[in-house]
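Biologist: I'd like to go through this model with you. Could you put it up, so we can talk about where two of the chains meet?

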Amino acid sequence: MNTMNFTLSTSTTIYEWLLGILPEGWENTANIGTMIVIALIYLAIFAVAGLYLVLLERKVAAWFQLRLGPNRVGFWGLLQTMADALKLVSKELTGTIKADKFLYNLAPYFVIVTSLMALSVFPFTQEFQAFDINIGLFFLIAISSIGVIGILLGGWASNNKFALIGAMRSGVQTISYELSIGLSLVTMVLITGSLQLSEIIEVQKNGWLIVQGHIPAVIAFMIYMIAGTAETNRAPFDMVEAESELGAGFHTEYSGMKFAYFFLAEFINMFIIAAIATTVFFGGWLSPFGITESIPWLGVIWFIGKTFILVFLMMWFRWTFPRLRVDQLLTLEWKYLLPLNLLNIVLMAVIVWLNLTIQF
Amino acid sequence: MDTTIENSNLKSEEYFINMGPQHPATHGVLRLLLTIDGEIIKKVEPDLGYIHRSIEKMSERDSYQQIVHLTDRMDYLSSHINNEAVCLTVENALQLEVPERVKVIRTIISELTRIASHCLWWGVMGMDVGALTSYFYGFRDREMINDIFEETCGARLTMNYNLPGGLMYDIHPNFVKRTKDFIAHFKTKLPEYDRLLTGNVIFQKRMKGVGILTKEDAISFGASGPVARGSGYSCDVRKHHPYSAYKNVSFTESLKTAGDSLARYEVRIQEMWESMSIIEQLIDNIPEGDYKVATKAVIKLPKGEFYQKVETARGELGVYIISTGTKNPYRIKFRSPGLSNLSLLNHIAVGGKIGDLVASMATLDLVIPDIDR
Amino acid sequence: MDLMKVNKTECMTNEALQNLISNWIPELTFTEEGSQYLNIIVKPEHLHQLMSQLKSNNDTSFDYLFCLSGVDWGKELGVVYHLESTTYRHTIVVKTQTTDRENPTIDSVCDIWKTAEFHEREVFDFFGITFNNHPNLKRLFLTDEWDGFPLRKDYVDEINMIIK
């Protein structure tokens with residue numbers, strides 16, 4: 001295959017390669033084989049990416065606090081999370097006697113599986129997308145709702161008072177803020193007219209959606225960032241795992257690899273929230289004003305770059321603000337964000353109907 | 001409290017939680033038994049004694065110079081002021097007049113200790129409420145003060161610089177310059193800290209109207225220091241019963257009337273400004289003279305009872321010595337500000353939520369070795 | 001030497017206080033010897049009455065109890081209360097003692113000043129003095145199973161105490 005014309009459509013590439021290997025008539029196996037190979041590749045990349053997000057968080061935290069952060073293990077601390085992962089894998093898996101064994105073991109898998117599933121629909125650049133389903137956005141929101149089950153199961157099955165309180169708080173918080181996320185994304189769908197992620201990016205070739213939608217889009221973005229931070233249980237909404245209060249929240253009783261799943265899932269969720277925002281508000285893999293239109297694979301760099309800026313924004317929030325009390329958190333959602341969101345949808349609908357969007 | 005299910009009188013919705021001795025929010029080894037109904041606190045009962053070292057009993061067999069060494073392990077964040085309390089009691093009992101130089105230096109170092117203690121308090125306050133970065137900023141400035149102390153007194157936490165009759169050694173030649181540099185630096189930092197934490201709307205919502213203490217309750221519970229001043233009770237020992245060089249400086253007592261956590265917070269920030277103003281008034285005019293007055297090697301207090309109050313960073317520390325004329329005190333009692341301040345925790349936390357308990361306890365600024373002695 | 005700054009004009013002198021208080025209860029002993037403040041020595045039976053009058057009377061209004069100490073005087077066990085008035089800023093010391101070392105009992109002043117609750121528990125912990133009408137009289141610093149009262153002069157502990 002000529003490397004200059006290497007098409008970025010990975011699924012077709014792998015499918016054809018597998019078809020070439022297997023004997024005739026095994027198309028179904030080739031299909032399944034494609035899916036398995038893609039799953040393995042994504043798993044590998046994003047597990048490692050999750051680890052490096054943790055390192056980034058530690059470095060960013062250190063810079064805000066006027067110190068250096070990890071810089072001993074590997075050049076500039078790059079091997080630090082590898083060391084941490086090795087440590088976590090080799091830890092003893094403790095468990096309480098009265099914990100419900102099956103649910104206790106099942107809970108982390110809910111959380112990590114849903115996080116990784118959500119990653120499969122993102123368009124990294126033109127045609128570089130694992131699954132381009134026509135309900136892409138809806139799929140993303142639905143998948144993140146399933147993650148809540150993992151948290152509640154983990155808290156309940158630990159048979160520990162603190163874990164239970166933490167899990168209940170977290171469940172309440174996540175369910176409330178999903179409304180805001182869904183509604184702010186619906187606001188943007190009003191412009192694009194489609195839930196399919198590649199279509200959303202096609203529409204943004206006339207200008208990023210946050211520019212096209214001007215006022216209601218900016219409001220939707222701000223609500224989305226607040227709700228997204230709350231979804232992932234990060235500060236200032238991290239009452240759930242407030243270390244200065246009740247221990248570690250719902251994952252108190254987990255250790256070793258299972259704890260690593262929860263921990264990693266939090267960072268991957270952060271990445272997902274930022275990636276959705278990039279795709280829907282900031283043009284995904286498109287370059288501003290189309291400057292590198294002709295080199296498609298640069299789209300990956302644009303996508304990753306924009307996502308990382310939003311991830312940095314979320315980290316910035318964490319290290320600056322104090323945390324909200326649980327009842328203040330819920331008041332914020334139900335009394336302020338939800339009505340604001342609904343009004344915003346009406347406003348956006350009016351603007352689209354009257355053709356007042358800014359197009360380039 | 002018997003916390004087994006069979007023997008307690010739990011109603012069906014309430015449950016016990018133990019904020020155990022090792023806990024990030026209780027500053028020191030304090031165990032709190034909380035009875036909670038959902039998120040509302042019904043009762044808070046502290047369990048003390050994890051760091052009880054029987055300082056009062058040990059002092060009954062120690063000489064007065066040795067007692068000074070024990071006191072700075074009580075409230076280790078205002079160690080210099082604790083030492084000063086015992087030294088003043090002994091000096092007043094012996095009717096010993098220390099040189100002016102000693103008084104001025106003691107005052108300057110006390111005020112620096114107060115600023116250092118409040119810096120640490122500010123850092124930990126932010127950390128308890130969730131703004132984890134403030135911890136580092138608070139400690140960074142405290143390090144500068146610790147460096148000044150290390151040069152002059154030789155220690156960073158437990159100073160032992162005072163002794164009955166004066167100071168252990170004279171101040172280091174760099175002391176004046178380094179203190180002035182620190183004041184100039186800190187004056188630019190304190191407004192920055194105000195903007196970071198005090199102006200933040202989330203912080204205000206966590207603190208305003210939380211943990212309200214009325215003035216009558218503050219007086220009845222024996223509260224002192226910034227806790228009482230946040231409720232409007234004017235109790236600054238430096239104003240009402242001045243000691244050392246406080247008669248010669250002018251400063252205002254920080255008083256607020258709201259009585260909630262935000263008021264107590266603002267009182268301490270205001271105190272830091274006042275401390276800097278006191279140091280500025282004294283630092284340029286340290287009188288020349290001796291740094292101590294000779295006392296006998298074995299100090300014997302005359303027969304009688306002696307009481308001295310000082311204002312530590314936490315409140316009013318009292319030293320009560322009953323002496324029968326021998327070289328050890330017959331009975332020495334340290335009136336710790338923390339014990340009275342802790343007794344009102346149940347009163348202000350009941351009816352609030354767990355998050356409010358953490359915020360209120362941070363504004364009470366408890367140091368548990370001070371309570372347990 | 002004068003450690004007390006007399007700022008308020010209504011602050012009463014020791015003599016005036018002595019004259020006023022001696023009218024309330026018989027058998028009070030007043031002394032200023034060996035102390036900076038006026039000391040009142042009262043019998044345990046009259047303690048509660050004297051204390052509530054000291055707080056409620058408008059001329060004295062001692063509403064701030066700032067130090068409550070237990071003392072083992074050798075033969076007797078006693079408690080020393082340091083009181084201050086927040087309006088007039090005068091200070092007074094009240095002492096009471098009991099010769100009963102097996103079962104010393106003194107009335108509690110928790111209902112007058114709320115700060116007494118913890119301080120009386122401390123005195124109970126270290127001296128063994130029981131306080132009547134105390135809401136929650138248990139040991140404060142030592143564990144519940146501790147045997148003996150450490151701050152008494154006749155306390156013997158081979159393991160924990162180092163005698164010079």
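Biologist: Which residue of chain B forms a salt bridge with A:Asp327?

Modeller: First, a heads-up: this is a predicted model, where local features need pLDDT (the predictor's confidence in each residue, from 0 to 100) of at least 70, side-chain atom pairs count only at pLDDT 80 or more, and totals for chains, interfaces and linings use all residues. Residues are numbered from 1 along each chain as its sequence is written, chains are lettered from A and ligands numbered from 1 in the order in which they are written, and side-chain values use heavy atoms, with hydrogens and water left out. A salt bridge here is a side-chain nitrogen of Lys or Arg within 4 Å of a carboxyl oxygen of Asp or Glu. The closest N and O atoms of this pair are 3.7 Å apart, and the partner of A:Asp327 is B:Lys353.

Biologist: How many salt bridges does the rule find across the interface of chain B and chain A?

Modeller: The pair A:Asp327 and B:Lys353 is a salt bridge. Across the whole interface of chain B and chain A, the rule finds 2.

Biologist: What area is buried between chain B and chain A?

Modeller: Buried area is the accessible area (1.4 Å probe) that two parts lose on being put together, summed over both. Carbon and sulfur atoms give 59% of it here, and the total is about 2500 Å².

Biologist: Which three residues supply 20% of the area that chain B buries against chain A?

Modeller: No other three residues supply more of chain B's buried area there. They are B:Leu132, B:Ile202 and B:Arg206.

Biologist: And what ipTM does the predictor give the complex?

Modeller: The predictor gives two scores here. The pTM is 0.85, and the ipTM is 0.87.
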